[in-house]
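User: I should like to learn how to read a structural model feature by feature. Could the general idea be given each time, followed by the case at hand?

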Amino acid sequence: MFAILSGPTVAALSVVLDLVDQETVLQTCIDGFLNVAKIAGCYHLDDVLDGLLVSLSKFTTLLLPMSIEDSILAFGHDSKAQKSTLAVFTIANTYGDYIRSGWRNILDCVLSLHKLGLLSARLGHDAADELESNSDDSVRSSLVNPVKPALPPARKSFGLMGRFSEFLYYDMEKPAPQPSEEQVEAQKRATEIVNECRIDSVFTESKFLQSESLLNLSRALILASHEDENGAVFCLELLITVTLNNRDRIMLLWQNVYEYIANIVQSAVMPSTLVEKAVFGLIRICRRLLPYKEELTDDLLKSLQLILKLDARVADAYCEHITREIMHLVKANAGQIKSHLGWRTITSLLSITARHPEASEPGFETLEFIMLDGAHLLPANFVLCVNAARQFAESRVGDVSRSTKSLDLMAGSSVCLVKWSREAVGEEPETALQLYQDIGEMWVRLVQSLRKVCIDSREEIRNHAVLMLQQCLTGLDGIHLQDDAWVQCFDSVVFPLLNDLLEIVEEKSVKEYRNMEGTLILSLKLLSKSFLHSLPRVSSSALFSKIWVGVLSCMEHYTKVKFRGKRSEKIHELVPELLKNTLFVMKSTGVLSPNASNGLWEQTWLHVKDLAPSVQSEVFPDDEPRTVVAGAVPEVNIAVP
């Protein structure tokens with residue numbers, strides 16, 4: 001019965017409210033509206049409440065097309081408009097659970113009050129903002145209230161045109177006229193009424209709304225944002241506030257919120273306040289929800305991939321601030337990020353900062369936080385972090401020390417491989433085998449990344465990379481590597497590196513690549529140490545002969561390299577020593593013997609006679625027995641000069 005009578009009742013109240021100005025009659029009409037709302041709320045009649053809000057919002061005068069001054073003046077002196085506005089927000093705060101399409105009328109009033117400057121500056125912030133750290137607030141304040149560029153200093157002008165220009169300039173700079181007493185009083189009264197409306201509660205208390213009403217509120221915010229940019233920014237702030245205040249029901253809102261932000265980000269071609277709010281609002285949502293929504297971690301972090309899709313001009317404008325926000329996110333939530341997908345997003349964002357003048361510093365700080373001492377390295381992010389570190393190692397942004405630190409991070413990450421190898425010992429055989437295979441793949445990816453930096457044109461970085469590569473090849477005690485990992489390492493890392501360095505000496509400018517002789521010496525030592533360290537593993541491989549011939553070929557090629565038209569005396573002295581040491585180890589372990597049936601003996605001396613003819617007689621003198629029994633490879637001294 002009430003549903004039938006409510007329509008005519010609201011219509012009758014609207015007619016009376018439109019025609020009368022007496023305070024008592026106005027209040028009676030408003031009370032009538034509120035009584036209808038009370039009954040509609042009691043019986044969950046959302047259609048009635050929506051219709052009621054349509055009628056009441058017309059009497060607020062907030063939707064009339066007037067100038068700001070005229071609107072404030074009219075609202076501040078119009079009792080009917082004030083009472084109607086109070087009634088609209090009383091209904092919103094009291095019966096919000098049963099409002100559906102009526103949220104659009106409420107938001108129209110809110111937007112109008114925002115344009116008039118009558119709303120609190122804190123309206124777009126949620127209650128939990130108070131818990132943010134001061135450092136975060138300082139970053140956010142610089143984003144929320146971007147500093148306007150200062151006007152250039154006035155230049156002194158001479159002549160008639162100069163004086164005329166100065167006259168125009170000073171005319172433009174004249175102070176605005178002071179408001180009249182009537183305007184001041186209207187502004188004061190309007191502000192008091194708006195404060196009584198408790199508009200902020202509509203959004204900060206949205207966590208108590210029923211799900212359907214909350215969903216309609218979020219949709220209304222998105223629809224209302226299709227006004228001017230100022231209104232769109234304001235609605236976006238409110239949408240983020242509502243989202244953060246409903247973290248326990250984020251799944252209800254997330255899809256709509258994400259799609260709306262994605263539309264803003266992907267359509268932006270120039271920096272603007274709206275896209276700025278969208279980007280940093282998205283990061284803020286992720287930061288605040290990650291500690292509480294483990295099941296949503298991947299979706300939240302995946303959403304940050306939108307940043308990677310920003311137009312280059314937009315990305316460059318906000319790159320430093322974005323990186324600092326990502327740094328805060330990682331430092332606060334590194335323990336919550338478990339998956340490869342989540343870390344891929346983070347490392348992708350960090351990698352692109354390596355070549356940005358302002359963003360590279362916080363980007364590297366974040367990466368260092370993750371990688372230093374293996375603090376937050378996981379099998380899920382190991383290769384991703386190594387690749388990101390390589391980007392910083394190769395970057396010319398910043399000083400050389402950052403590149404060397406990046407190489408140290410890459411080499412230092414190997415301690416995690418040793419740790420995981422030891423942890424795999426207690427696993428079931430099948431599980432352990434898979435773990436060892438995964439560890440081997442990560443190790444190969446690590447040394448492959450280091451190898452790419454070993455051909456850097458900067459001498460200090462190049463040589464440091466070779467040393468770090470040697471450390472990862474020969475200095476990892478306790479890591480379990482399968483035989484094929486070493487074979488792959490020689491094929492994809494060691495031999496290609498020595499060939500690349502040789503090409504650089506032969507083809508590149510001496511000015512571009514300085515002191516390559518020192519790098520070649522380091523790489524020869526790396527070759528010898530790597531071969532001897534892997535000998536117990538690769539000597540039983542069917543490809544061992546190929547690897548050994550490859551080692552000899554590299555040594556042979558290096559003895560022929562010329563610097564400024566002359567062969568290197570240092571390399572000529574080093575190669576025979578390295579070769580002799582290697583042959584002694586192969587002899588003592590039984591890997592190389594005259595009676596071997598695999599042709600290794602013949603191949604060896606075919607190459608050695610050109611490198612160092614006297615070495616054979618030193619390693620296998622005529623008075624020693626010619627037969628060496630091959631057996632298990634014992635521990636040997638692989639020290640290389």
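**Salt bridges, charges and backbone angles**

Analyst: R324 and E320 both belong to helix 17 (residues 312-333) and stand 4 residues apart, about one turn of the helix. Please note that the model is a predicted one.

User: What do R324 and E320 form, and how far apart are the closest N and O atoms?

Analyst: The general idea is that side chains of opposite charge can pair when their charged atoms come close. Here R324 forms a salt bridge with E320, with 3.5 Å between the closest N and O atoms. R324 is partly exposed at 25% relative accessibility, and E320 is partly exposed at 27%.

User: How many salt bridges does a search of the whole structure find?

Analyst: The search finds 20 salt bridges. One of them is between the side chains of E237 and K277, at 2.7 Å from N to O. This pair links distant parts of the chain, 40 residues apart: E237 is in helix 12 (residues 229-245) and K277 in helix 14 (residues 273-289).

User: Is K277 buried or exposed?

Analyst: K277 is buried, with a relative accessible area of 10%, whereas its partner E237 is partly exposed at 21%. The cut-off explains the two labels, because buried means under 20% relative accessible area.

User: Which residue forms a salt bridge with D483?

Analyst: That residue is R537, the closest N and O atoms being 3.4 Å apart. The pair links distant parts of the chain, with R537 in helix 26 (residues 516-538) and D483 in helix 25 (residues 483-507), 54 residues apart. In addition, salt bridges that share partners join R355, R390 and E394 into one network.

User: Which residues gather in a patch of negative charge on the surface?

Analyst: The patch consists of E423, E427, E428 and E430. E430 lies in helix 23 (residues 429-453) and is exposed, with a relative accessible area of 70%.

User: How should a positive phi be read, and what is the phi of H44?

Analyst: Most residues other than glycine have a negative phi. H44 has a positive phi near 60° and lies in the loop between helix 2 (23-42) and helix 3 (46-57). D373, also not a glycine, has a positive phi of about 60°; D373 is in the loop between helix 19 (360-371) and helix 20 (382-394).

User: Why does C385 form no disulfide?

Analyst: A disulfide requires two cysteine sulfur atoms within 2.5 Å. The closest cysteine sulfur to that of C385 is in C416, 9.7 Å away, which is too far for a bond. The structure holds 0 disulfides.

How values were computed:
Residues numbered from 1 in each chain as written. Predicted model: local features only at pLDDT ≥ 70, side-chain atom pairs only at ≥ 80, totals over all residues. Heavy atoms only, no water. Patch = residues over 30% accessible without salt bridge, like charges linked within 9 Å, V, L, I, M, F, W, Y side chains within 5 Å. Areas by Shrake-Rupley, 256 points an atom, 1.4 Å probe, with all protein chains shown as cover. Salt bridge = Lys/Arg side-chain N within 4 Å of Asp/Glu carboxyl O. Lys, Arg positive; Asp, Glu negative; His and termini not counted. Charge placed at Lys NZ, Arg CZ, Asp CG, Glu CD. Helix = DSSP H or I, 4+ residues; strand = E, 2+ residues; numbered from the N terminus. Buried < 20%, exposed > 50% of the residue type's maximum accessible area, 1.4 Å probe, protein only.
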